[in-house]
Amino acid sequence: MRFEAGAEEEFEAACGLLVDRLVRWAGEQGLPVDGFMAEAALDYRHRATADGRLGLWEPRQVEELLLSWLPQKVTELPGEERGDAPGTMRTLLRFLHAVQLADPRGPALEDSLAAVDAAAQRYPAAMADRTRWGLAKFWAMTAAEQGVDVLDGAALQRFAERAQRGEVAYDQQALDTVMERRLTGRAPSSVARAEPQLPVVLPPDDELRRRAEASTIVGQLRGLAEWAGRDGRAVTAAGRLRMADARELVDVLGTGDKAEGARSSADLPRLGLLVEWAKKARLVRVAKGRLYAVARARPVLTDPLQLWLRAFEACFELRQTLIGARSGWHVESMLFDAYEDVLEDVLNTLYSLPYPMPWPRLRDSVHLAYRVRFQLDGGSDVQHRMWFEHADRDLRTVLDTLVDLGAIEREWGMADPVFLEADLSAEPELPEGMPPELAELLGAAGVAPDPAAQERDRRLREELTAGPVELLRLTELGTRAVRQRLLAVGRDAPLVGELAQASAAGLLGVLADDYDPDAARVELADWIAARGERDAALRQLVEAVRSMPFRVRAQAMLAVLLTALPDDEGERLLRGLRGDAALAPLVLTALAHHELLSPEDMTDAEHLLLIAENLLQLVELAGGGDGAEEVLRAQGRDTRDAVAAALDSAHPDRAGLEELGQLAARALRTPAARVGRARKRRRTAGKSGRKRHR
């Protein structure tokens with residue numbers, strides 16, 4: 001239910017299979033469905049969202065699909081039947097829940113349906129709003145409205161030539177809006193897929209609250225707000241604290257600033273940082289010449305965890321205070337211009353890492369970001385080195401602040417070997433012995449490794465292996481805060497323990513999709529423990545595998561039980577299910593795949609079950625239909641014997657075998673009777689109407 005951004009063939013196959021099963025299911029249930037609109041919805045979730053989870057639909061994603069993505073991407077030509085996108089979306093949501101593909105971390109079905117209902121009222125107007133269209137759709141619709149047959153390539157080309165000569169009337173204002181959205185990256189299609197994060201373990205909020213209360217920064221921010229009070233404290237015309245008040249606060253808050261000899265509160269950097277921090281955190285504000293505590297912040301001040309989280313969020317607004325130029329004699333570093341992006345990338349990089357990040361590796365990864373962002377072609381190597389050193393000093397200042405807050409912790413030690421892998425410089429390597437002429441040609445095309453990058457790689461390796469280095473990791477408070485930010489922008493950030501109330505199928509599906517083996521073992525153990533009686537919990541898990549209608553997913557769910565149960569319990573469980581008529585094909589496949597069952601240990605009947613299961617899963621992985629035919633055809637004549645063996649097996653999925661026989665017959669261009677008995681496949685839903693993506 002999730003595919004990497006580059007796994008287009010795999011996604012297309014899964015999408016085709018899901019839509020085919022959806023259309024079939026909708027026909028059986030008597031529910032409205034437009035196959036193309038369903039495909040467009042899955043396409044949106046895969047291509048235009050940060051997490052790409054096909055089974056999770058929050059209200060914001062439902063709204064963006066119906067009011068932004070479909071209006072931008074789907075062209076409904078004049079006179080063409082309009083697709084029922086809201087009705088299809090309701091059916092898709094019901095289908096995902098009915099076949100246990102809905103992500104258990106998402107909203108309840110009723111909440112998702114309510115989101116569709118809310119967006120459905122605005123959907124027709126959104127589809128007709130030219131400013132929401134994509135560029136290709138804009139010109140296709142303009143051409144169609146002027147009588148051009150857009151399905152005729154030559155006619156469309158003639159229209160394009162007339163438009164280039166200025167002979168076509170069109171809505172210039174709408175086109176300007178379309179182009180602005182395209183250039184500024186505000187279109188849904190401009191969202192980049194984020195790297196998946198590993199599951200994290202966090203203590204309860206009460207424990208995090210206790211740690212937040214121990215933070216010096218939290219105490220100082222609370223003390224500053226209490227000092228300002230409801231009546232406020234007078235400030236100078238420049239909005240700074242008066243010197244007498246500043247000296248008092250240095251003592252009250254224990255900032256450590258040297259107040260003796262200071263002529264202005266601006267000469268007290270630590271106090272100045274706290275005041276700006278409290279302002280950005282909306283704890284205090286300046287109004288009418290006085291510094292006041294914000295009344296609405298009182299509940300936050302009494303909850304140390306919420307106060308800590310508020311302070312953490314405010315760090316993203318402290319650019320000027322932390323690293324801004326102090327006078328006209330100074331200039332800002334590269335970090336100043338990329339502050340929020342770099343800070344977010346650094347924190348996301350540290351998040352969920354199983355090992356602390358060595359400073360040299362983090363530093364050089366930020367340098368790569370600078371090189372991409374600023375295109376450092378001009379200037380000498382000495383200048384570049386100065387620029388990077390300036391940015392490094394500023395980054396250390398920011399990290400120091402996060403350490404003081406308690407979001408990051410530092411230690412010294414040897415870098416874990418994982419940070420010594422070969423992709424340090426992110427440059428391609430050429431095979432040894434390549435002819436010099438070809439190497440030169442590839443170098444001119446930008447394929448050959450950059451000698452400077454190779455030298456940076458060598459120095460980094462040397463630095464990481466020479467001895468102890470500074471190691472950085474997020475604290476549990478920092479992890480809690482970064483996870484909150486990740487979720488806010490729609491990224492997936494699994495938390496061990498969050499699936500305790502999930503259904504058995506939901507649990508196993510998420511563990512198969514998103515969890516590493518160690519985290520899966522902990523999550524599964526917590527889920528079983530939450531149900532009290534272990535045998536009953538295991539029966540629920542087995543039943544979830546049994547009832548999963550998608551065989552590839554059922555196989556993955558069963559694999560979780562095999563690998564995530566403690567000791568050899570998973571193997572014993574599966575061996576006990578070897579005689580289960582419904583589960584035997586999946587069990588045999590899992591045991592064989594993990595080399596726990598050899599071919600010699602299987603009976604002839606089990607061999608046939610294994611062949612049948614492999615073929616049925618192959619059909620699913622190919623997306624069914626034409627994709628499966630192509631795969632079977634590529635296997636050659638041996639397919640006939642394998643399919644015949646499968647059809648002679650006692651495999652419980654008779655409908656799947658029936659379809660397999662028909663697919664093989666078409667693939668091999670032989671009558672169905674030649675590869676086994678196959679009854680006519682009955683489609684319970686009509687064909688999905690195909691409209692055009694533009």
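**Exercise 1.** How many Å apart are the mean positions of the positive and negative charges of the protein chain?

*Solution.* The model is a predicted one. The protein chain carries 91 positive and 111 negative charges. The mean positions of these two sets are 6 Å apart.

**Exercise 2.** Describe the overall make-up of the protein chain, including its burial and its contacts.

*Solution.* Begin with secondary structure: the protein chain has 33 helices and 8 strands. Next, consider extent: its C-alpha atoms fill a box of roughly 100 × 75 × 65 Å along the principal axes. Burial follows: 49% of the 694 residues count as buried. Finally, take the contacts between residues at least 6 apart in sequence: 71% of them join residues at least 24 apart.

**Exercise 3.** Determine how helices α24 and α26 are oriented to each other, and name the residues in contact.

*Solution.* Helix α24 covers residues 504-514 and helix α26 covers residues 534-547. Their axes are 8 Å apart and make an angle of about 75 degrees. Angles of 65 to 115 degrees count as roughly perpendicular, and α24 and α26 are therefore roughly perpendicular to each other. From α24, the contact involves Ala-504, Ala-505, Leu-507 and Leu-508; from α26, it involves Gln-540, Leu-541, Ala-544 and Val-545.

**Exercise 4.** Characterise the backbone and surroundings of Arg-282 and Glu-595.

*Solution.* Most residues other than glycine have a negative phi. Arg-282, however, has a positive phi near 60 degrees. Arg-282 sits in the loop between α13 and β3 and is partly exposed, at 49% relative accessible area. Glu-595 has a positive phi near 55 degrees. Glu-595 belongs to the loop between α29 and α30. With 74% relative accessibility, Glu-595 counts as exposed, the cut-off being over 50%.

Conventions:
Residues are numbered from 1 along each chain as its sequence is written. This is a predicted model: local features need pLDDT of at least 70, side-chain atom pairs count only at pLDDT 80 or more; totals for chains, interfaces and linings use all residues. Side-chain values use heavy atoms; hydrogens and water are left out. Helices (H or I, at least four residues) and strands (E, at least two) are DSSP runs, numbered from the N terminus. Buried means under 20% relative accessible area, exposed over 50%, partly exposed in between (1.4 Å probe, protein chains only). Contact means heavy atoms within 4.5 Å. Lys and Arg count as positive and Asp and Glu as negative; His and the chain ends are not counted. The place of a charge is taken as NZ of Lys, CZ of Arg, CG of Asp or CD of Glu. Axes are lines fitted to C-alpha atoms, for helices over the stretch in contact, and angles run from 0 to 180 degrees between N-to-C directions. Angles under 35 degrees count as roughly parallel, over 145 as roughly antiparallel, 65 to 115 as roughly perpendicular and the rest as oblique.
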